[in-house]
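Please explain the structure shown here to a reader who has not met it before. The account should proceed step by step, in continuous prose.

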Amino acid sequence: MRMLTSMLGARRHFAATALFLGAAVSLTACGEQHGTDAAAGSSTASPSSSLSSPGASPYVEPEIVDGAPHHGDNNAYRRSGEMSPASAKDAQKEADRVKPVLKRLWGQKKWDPKSVRAALLELGYEEERTGPKGERLGGTLTVRAMDPRYEVDHNVTPEGARIGLRVHDDACVTAFVQKTNYEVKTNGPFMETGCFEPPNGH
């Protein structure tokens, strides 16, 4: 009787051990896709290639990585218009005239709008004029203060000047000069702000 009891105990111990080992083997195989016979038309995949990442959201627009829905539409006002090749060439010529003036002003530590405007008017540009409804009445040059930016708990307007020069209806020179640096580039006009790149936010 004692022998029968010990045999039953050994079988139970063996069965429990077998179940435990079987579960462990199953768990370690989780996530792996094993290769099958190539003749059967299946391909072999490694464990790393069988793990798939979640698909792209159906609401993310093309060319927008990790973007919010309608990111492109919401930020259309921040995209400049297209320039024709001839207009782009003319805009670059004007940018090449403006850049040495801004470089000189920056070296002289003169980046206030009044000084910048006066120096650029000496190149023969005329200040852009607009009517009461924003319609253009002539001139091509606009010089203004830098846009304010929010810092900690209030808006701060940095020292410097922003420049917008309309070369053609589809071409601008956009520039700035400030304490830290200056930049001159060409672009098409922006939908709502003409030659000036709109600030973040809408």
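The paragraphs below treat a sheet, its helices, a disulfide and a pocket in turn.

The model under discussion is a predicted one. A suitable place to begin is an open sheet made of four strands, which follow one another in the order β3-β6-β7-β8 with antiparallel pairing. At its edges stand β3, residues 141-145, and β8, residues 182-187, each of which pairs on one side only. On average, and with direction ignored, neighbouring strands of this sheet are turned by 15° against each other.

The pairings may now be followed across the sheet. Strand β3 is joined to β6, which spans residues 161-168, by five bridges in the antiparallel sense. Within this pairing, Val-143 has Ile-163 of β6 as its bridge partner. At the other edge, β7 and β8 run antiparallel and are joined by six bridges. One position in β7 and β8 may serve as an example: Thr-174 has Lys-185 of β8 as its bridge partner. These two strands, β7 and β8, form a hairpin, and four residues lie between them.

Two helices are placed against these strands. Helix α4, residues 85-107, packs on the sheet and touches β6, β7 (171-177) and β8. The direction of α4 makes about 170° with that of β8. Helix α5, residues 113-121, lies across β3, β6 and β7. Relative to β3, helix α5 runs at about 165°.

A covalent link is the next feature to consider. A disulfide is a covalent bond between the sulfur atoms of two cysteines. The structure holds one disulfide. It is formed by Cys-172 and Cys-195, whose sulfur atoms are 2.0 Å apart. The pair links distant parts of the chain, with Cys-172 in strand β7 and Cys-195 in the segment after β8, 23 residues apart. Because the torsion about the S-S bond of Cys-172 and Cys-195 is about -70°, the disulfide is left-handed.

The second largest pocket completes this account. The space in the second largest pocket amounts to about 170 Å³. Its lining comprises 13 residues, and those closest to the centre of the pocket are Glu-128, Thr-142, Arg-144, Thr-193 and Phe-196. What is the character of the residues in this lining? Seven are polar, four are charged and two are nonpolar. The sheet described above takes part in this lining, since β3 and β6 each supply at least two of its residues.

Methods: Residues are numbered from 1 along each chain as its sequence is written. This is a predicted model: local features need pLDDT of at least 70, side-chain atom pairs count only at pLDDT 80 or more; totals for chains, interfaces and linings use all residues. Side-chain values use heavy atoms; hydrogens and water are left out. Two strands pair if DSSP finds at least two bridges between them. Axes are lines fitted to C-alpha atoms, for helices over the stretch in contact, and angles run from 0 to 180 degrees between N-to-C directions. Contact means heavy atoms within 4.5 Å. On a 1 Å grid over the protein atoms alone, a cavity is a set of points where a 1.4 Å probe fits but cannot get out, and a pocket is an open set with protein on both sides within 12 Å along at least five of seven lines; lining residues have an atom within 4 Å of a point. Grid points are joined across faces, edges and corners, and a volume is the space filled by probe spheres set on the points. Ala, Val, Leu, Ile, Met, Phe, Trp, Tyr, Cys and Pro count as nonpolar, Asp, Glu, Lys and Arg as charged, and the others, Gly among them, as polar. A disulfide is a pair of cysteine sulfur atoms within 2.5 Å.
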